[in-house]
Amino acid sequence: MERLIGQSVPRKEGLSKVTGTARYIDDIEFPEMLHGVTVRSTIPRGHIKEICFDSGIPWDEFTIVTAKDIPANNYVALIINDQPCLADQSVNHAEEAIVLLAHPDKYLVEEARCAVRIDYEPLPPIFTIADSLAKKEIVWGQDNIFKSYSVDKGDVDSAWADAAFIVEGEYETGAQEQFYIEPQGIIARAIAGEEVTVWGSLQCPYYVHKALVPIFGLPKERIRVVQAETGGGFGGKEEYPSMIAAHAALLAWKSGKPVKMIYDRAEDMVATTKRHPSRTHHRTALTRDGKFLAMDIDFVLDGGAYYTLSPVVLSRGTIHAAGPYLCPNVRVRGRAVATNVPPHGAFRGFGAPQSVFALERHLDRVAAAVGLAPDELRRRNFIQQGQTLAVSQVIREKTDMNLLMDRAFEACDYHEKRARFERENAHSIVKKGIGFAAFLHGAGFTGSGEEYLASEALLEATPEGIVRVLAGSTEMGQGANTIFTQIAADALGLQCDLIEVLQPDTAYVPNSGPTVASRTTMIVGGLVESAAKNLQRTLLNSGLLQPGYDCAAFAQACREYTGKFGTLKSFVKYRQPPGLKWDDEKYRGDAYSAYGWAVYVAEVSVDTRTADVCVDNFTAVQDVGKIVNPMMATGQVEGGVAQGIGLAIYENVVWKDGRMMNSQMTNYIMPTSLDVPPIRVIFVEFPFGVGPAGAKGIGELPLDGTAPAVANAIAHATGVDINRVPVTPEVLIEKLEPLYA
Amino acid sequence: MPECPRGGKVRVSCTVNGKPAAFEANPMARFLDVLREELRLTGTKEGCGEGECGACAIEMNGELVNSCLVPALQVEGASIRTIEGIARGSTLDAVQQSFLDHGGAQCGICTPGMILAAVNLLERYPHPSEAQVREALAGNLCRCTGYIKIFDSVLGACREAGPPR
């Protein structure tokens, strides 16, 4: 049979999605279900003096929950437990949850939400990285610092004296909304003192499970989390669903009735996490011939009001800050700081898009200072197999950034266009530019993360010869169901329709770790492959199945095996490949077991009258190892590039007093069908590592390089210095001012 | 005008996916809610509630509309088509099949609205250019695909339907 890995197998659950029968959380109803809403703080920081319930609402019909109703612990467990489930004495950001209400009438409960008034004694807030670092107010811990890391290689301080060039720059990125089209939502059922079950739109069922256990003080087996069909996540449904699940479950616990809590778009946008805003300072030393001597990088993320996942986001951003380059002396100082805005969180790329934007924008400026073309500067410094990254990781896998650059430049005719645009721009009002970014992205959890997660997967064969994949990894559009099916079918020599992927439900599926970090195909897919091979070996060793079997013989063997032994299961647990070492104290070693490598090229037009930027063409060349499903992999890249274009030129979160002001689809602008360019996606396949057939991670990679490629193209078109994204027309028109003079 | 029996609710009769349907609702209730809650047709999705995202797109008398912006009252006598009325029995419409073949659906939440917009376009222009497809889908937001595979799906559905006539 032809191998299934490498084929564009259609989406496993596709039929239900194109016919409208797929059941998302808001499509699910229970008898006697109540609708839950959240009353949130309107101020960024202060003490809660009083909660008042205005007259005119039949409050006795409502279930009302405050911090006092929490059965056990008032925190949302994640890394540390500083974030309350419901604010009690004080609030540390606007939109912090204080009171929960539930009622059978979803319109009345909305009226009631507006009739709860909170009186505060305000405290002075801080909203910016600069104010947090300056300790204008101490709003978290001793010094507002959630976490700091230091990556050190060589001796940066002694390198400046020998430098022919020293180039400095500072770069910023704004918050970005994940903007899954399905808003967040949970349904909870509970029996007070006994058990809690939640269904939801979520990425990580076991994160929600972990959070609910301490809140209700129940044994683990009394908490059940089920993923409903999920309408996009992109990181936005990584940690926040734990909060909503806790809220819905508290209302269900108190009312004794099922409670549905669906955020509307505005609530979702103001209250849930976004991409961390960042500020990066670069100081780079080079030799006369443009080789890097030293990189000194200071990388800061605005974490918002609570710890949440910020240290982990910071870790990835810090490690990616020096890019796919060889430099003998590197120092990266990473800090995540506290402010009084809603906590920022996971968003596809997870800190890397921020630090990669800074580096790749900076290197175009470095190239100009050194007098080299931007591509020539990169070519002189690309890391090669066997060389050592900033985190002191020796690159063991095959890597060829020059080849990726060649492929990208050939595909889009980079050199011809760069020269032509420069010629033509002198006389044109609409100026064209072409720019690129070169970057890498580590797949899976950082450092010892995968070893610590020790993810599990289970395969089970039925007497009918159907093989079920049981994994905690969720399908949220990225294709996990289909990829697992292909991997299992391939390993077992079966057709895809004999594989079932079970809906993630903590009552049945093992913990495969969170569905994040570009790890599902590589890490969990690898587990599925091992489990499938074990299952096959069990049948072959039993003598009930002979090599060269077909589907009918496989079914026959399953029937006989289960008849004889009861069940046929294969359980596997992740083991770190030998030779990988990570030192968490010194922050050095094998940061990731495999990397994706890429060169992305953007072509833009800038109308100098309106400062409107249009991305005309995009070329994305990458090596992410073996491609399991070309159609889906291409779809991942195209979707990621579109989100990256949003980050680059459209998506601007407007803040006022720590609150998001443009919380509507009308005024938060994401790319539409008229805004995306043709996207040329090219895969160069160098299989490597623990993934099935050498597949590496792909999901996050496209977010890293798109924004800097677009920003470099805008700078090329206009000659203006771009040091912040998004480059909205309002920002660009001021920078274009000298052109009009 | 529809009769107004009690409690400020109106009784509305219409045709949904070729079958007669009737419901009682507040005259200004969003037809999206009526579809999902009264008629239990949950294939039509809500993404924004303000007519921006197109997840709730349906056909009303052959016109593509966002059902979150349609008051229940306005549906009296109308002919409505939703995602549940696109396939003919178990036979998928060419657009639905093409979304499967070309990877046009990822998370699937925008897909019903996208398919309605695409079907509506192809009924007006059986062989649209890519520019026409982009224009026709501009009111339907997708965050997963970057739209490229959706364009492929819509254009692929025309090829399935045969050459230009």
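This tour moves through a predicted model, from one sheet of chain A to the contact between the chains and then to chain B.

**The sheet in chain A**

Begin by selecting strands S7, S15, S14, S13, S8 and S28 of chain A; in that order they form an open sheet of six strands with mixed pairing. Turn next to the two ends of the sheet. S7(A) and S28(A), the latter covering residues 724-725, each have a single partner strand, so one side of each lacks a neighbour in the sheet.

**Strand S15 and its partners**

Select residues 329-338 of chain A, which make up strand S15. How many of its 10 residues are buried? Nine are, and the strand is therefore mostly covered, a residue being counted as buried when 20 or more other C-beta atoms lie within 10 Å of its own.

Add strand S7 (residues 145-153) of chain A to the selection. S7(A) and S15(A) are antiparallel and are paired through eight bridges. To find one position in this pairing, label A:Lys147 and A:Ala336, the latter being the bridge partner of the former in S15(A).

Now display strand S14 of chain A, residues 292-304. In which sense do S14(A) and S15(A) run, parallel or antiparallel? They run parallel, with 10 bridges joining them. Two positions can be labelled here: A:Asp296 stands opposite A:Arg331 of S15(A), and A:Asp298 stands opposite A:Arg333 of the same strand.

**Helix H7 on the sheet**

Keep S14(A) and S15(A) visible and select residues 310-320 of chain A, helix H7. Together, the two strands and this helix constitute a β-α-β unit of right-handed sense. H7(A) packs on the sheet, where it touches S7, S14 and S15 of chain A. The direction of H7(A) makes about 20° with that of S7(A).

**Where the chains meet**

Show both chains. The contact involves 39 residues of chain A and 40 residues of chain B. On the side of chain A that touches chain B, select helix H1 (14-19) and helix H16 (630-650), each of which supplies at least two residues. The largest share, seven residues, comes from H16(A). Colouring this side of chain A by class gives 17 nonpolar, 14 polar and eight charged residues.

**Chain B as a whole**

Isolate chain B, whose secondary structure consists of five helices and five strands. Followed from the N terminus, these elements appear in the order β-β-α-β-β-β-α-α-α-α. Along the principal axes, the C-alpha atoms fill a box of roughly 55 × 30 × 25 Å. The radius of gyration of chain B is 16 Å, which agrees with the value near 15 Å for a compact globule of 165 residues. Of these 165 residues, 55% are buried. Among contacts in chain B with a separation of 6 or more, 58% are between residues 24 or more positions apart.

**Helix H1 of chain B**

Finally, select residues 31-38 of chain B, helix H1. Which residues of this helix are buried? B:Phe31, B:Leu32, B:Val34, B:Leu35 and B:Arg36 are. Add strand S2 (19-25) of chain B, which is included in what covers these buried residues. The last stop is B:Arg40, which follows H1(B) and has a positive phi, near 55°.

Technical notes:
Residues numbered from 1 in each chain as written. Chains lettered and ligands numbered in written order. Predicted model: local features only at pLDDT ≥ 70, side-chain atom pairs only at ≥ 80, totals over all residues. Contact = placed C-beta atoms within 7 Å. Helix = DSSP H or I, 4+ residues; strand = E, 2+ residues; numbered from the N terminus. Nonpolar A, V, L, I, M, F, W, Y, C, P; charged D, E, K, R; others polar. Buried ≥ 20, exposed ≤ 12 C-beta atoms within 10 Å, placed from the backbone. Pairing = 2+ DSSP bridges. Right-handed = clockwise from strand over helix to strand, strands pointing away. Rg over C-alpha atoms; globule rule 2.2 N^0.38 Å. Axes fitted to C-alpha atoms, helices over the stretch in contact; angles between N-to-C directions.
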